[in-house]
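Colleague: Could you take me through this model? I would like to hear about its spaces and its ring contacts.

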Amino acid sequence: MKAVVITTPGGPEVLQLQEVEDTQINEDEVLIKVEATALNRADTFQRQGKYPPPKGASPYPGLECSGTIVAVGKNVSRWKIGDQVCALLSGGGYAEKVAVPAGQVLPVPQGVSLKDAAALPEVACTVWSTVFMMSRLSAGETFMVHGGSSGIGTFAIQIAKHQGVKVFVTAGSEEKLAVCKDLGADVCINYKTEDFVARVKEETGGKGVDVILDSVGAPYFQKNVDSLNIDGRLFLLGFMGGAVTQVNLASLFAKRITVQAAGLRTRTLENKAEIVSEVEKNVWPAIVAGKVKPVVFKYLPLSGAAEGHRLMESSQHIGKILLVA
């Protein structure tokens with residue numbers, strides 16, 4: 001089979017489409033013939049050698065895919081050969097075939113094409129597990145997501161609105177903010193021209209928002225704390241702007257603030273299966289109803305992985321970038 005190989009840690013040019021050994025499945029896995037995979041920021045860190053795959057995972061990048069099941073392990077009962085599915089992966093999506101634990105597989109939601117379904121698993125599982133399962137965002141509350149035009153952001157806006165939440169976003173251009181507004185965001189803040197703390201205070205009568213989802217990290221930490229309401233929850237998905245910061249601990253006490261951080265890739269199989277099950281139960285009906293849609297910026301062939309990484313690192317994209325096998 002063909003797969004995109006990281007030939008050596010480095011820039012996008014180190015990604016090469018090569019002939020590799022076929023993937024084997026164990027008895028609890030299914031083999032998916034990949035239709036498409038979606039790029040995630042983590043893939044670019046893996047390419048640079050900063051985010052190695054977990055022990056036992058595929059060495060090839062790709063944290064989600066869609067496709068057709070072509071083989072099933074003997075312990076697998078739910079899935080059969082020919083099923084059209086999408087899946088959450090620990091790696092290996094940038095390939096023609098990938099082995100996946102059966103608990104991380106989802107049916108393609110009605111109304112979504114097989115190709116576009118590749119844009120759903122990572123964002124749906126990330127947003128549902130962090131914002132809803134862990135931060136307990138609920139109807140009537142307020143929520144801010146930084147990078148509203150990213151894959152995570154475009155999904156978070158839609159599912160939060162569907163849940164009856166007032167949504168605030170930050171993004172770095174008027175074009176990106178216009179897309180966020182079209183997706184349902186209530187308050188759109190250009191972080192390059194506006195102080196998001198002041199705007200949040202103004203829009204909430206001085207209270208702040210209830211939940212914030214952030215991947216910037218250090219430079220935003222104190223600002224995020226200052227933007228939160230009493231009993232506010234800050235969830236960190238990454239630290240693209242830096243990992244070390246100073247914080248005024250008194251401000252956490254004063255507002256009874258909860259700070260949490262987590263990724264998906266390193267979780268146990270059981271934990272991932274639980275998240276996938278919750279996503280199917282809570283998010284999939286919203287997608288089937290047309291309330292939440294995949295937002296795809298560009299389709300590229302597998303051989304265009306380097307171009308996809310360059311595009312992602314330029315931050316010019318809105319939504320997801322897909323590689324079609």
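Modeller: Here are some questions and answers on this predicted model.

Colleague: Where does UniProt place the feature "domain: Enoyl reductase (ER)"?

Modeller: The label comes from an unreviewed UniProt entry. Over that stretch the chain is 30% helix and 26% strand. Its end C-alpha atoms are 20 Å apart. UniProt places the feature at residues 10–323.

Colleague: How many cavities of 30 Å³ or more turn up in the whole structure, and how much space lies in the largest?

Modeller: The search of the whole structure finds one cavity of 30 Å³ or more. The space in the largest cavity is about 40 Å³.

Colleague: Which helix gives the most to the lining of the largest cavity?

Modeller: The lining includes Gly151, Thr154, Phe155 and Gln158. Also in the lining are Ala119, Leu120 and Val123, among others. By class, the lining has six nonpolar, three polar and two charged residues. With four residues, the top contributor is helix H3 (residues 151–162).

Colleague: Which element gives the most to the lining of the second largest pocket?

Modeller: Two elements named as supplying at least two residues each are strand S6 (97–101) and helix H8 (269–282). One of the residues nearest the pocket centre is Ala99, and its number falls within the S6 range, 97–101. The element that gives the most, with five residues, is S6.

Colleague: How much space lies in that second largest pocket, and how does its lining divide by class?

Modeller: About 530 Å³ of space lies in the second largest pocket. Its lining counts 32 residues, with Glu29, Gly56, Ala57, Ser58 and Ala99 nearest the centre. The classes are 13 nonpolar, ten polar and nine charged.

Colleague: Tryptophan 128 and phenylalanine 132 form an aromatic pair; is it stacked or edge-to-face?

Modeller: The whole structure has two aromatic pairs. In this one, tryptophan 128 and phenylalanine 132 lie 4.5 Å centre to centre, with 20° between the planes. Planes under 30 degrees apart meet the cut-off, so the pair counts as stacked.

Colleague: Where do tryptophan 128 and phenylalanine 132 lie?

Modeller: Tryptophan 128 is buried, and phenylalanine 132 is too. They are four residues apart, about one turn of the helix. Both lie in helix H2 (residues 121–134).

Colleague: Which ring does the charged end of lysine 115 sit over?

Modeller: There are contacts of this kind at two places to mention. The charged end of arginine 265 sits over the ring of tyrosine 51, 5.0 Å from its centre. For lysine 115, the distance to the ring centre is 4.2 Å, and the ring belongs to tyrosine 299.

How values were computed. Residues numbered from 1 in each chain as written. Predicted model: local features only at pLDDT ≥ 70, side-chain atom pairs only at ≥ 80, totals over all residues. Heavy atoms only, no water. 1 Å grid on protein atoms, 1.4 Å probe; cavity = no way out; pocket = protein on both sides within 12 Å on 5 of 7 lines; lining within 4 Å. Points joined across faces, edges and corners; volume = space filled by probe spheres on them. Nonpolar A, V, L, I, M, F, W, Y, C, P; charged D, E, K, R; others polar. UniProt positions renumbered as here; feature names shortened; annotations may be inferred. Phe/Tyr/Trp six-rings, centres within 6.5 Å; stacked < 30°, edge-to-face > 60°. Buried < 20%, exposed > 50% of the residue type's maximum accessible area, 1.4 Å probe, protein only. Lys NZ or Arg CZ within 6 Å of the ring centre and 35° of its normal.
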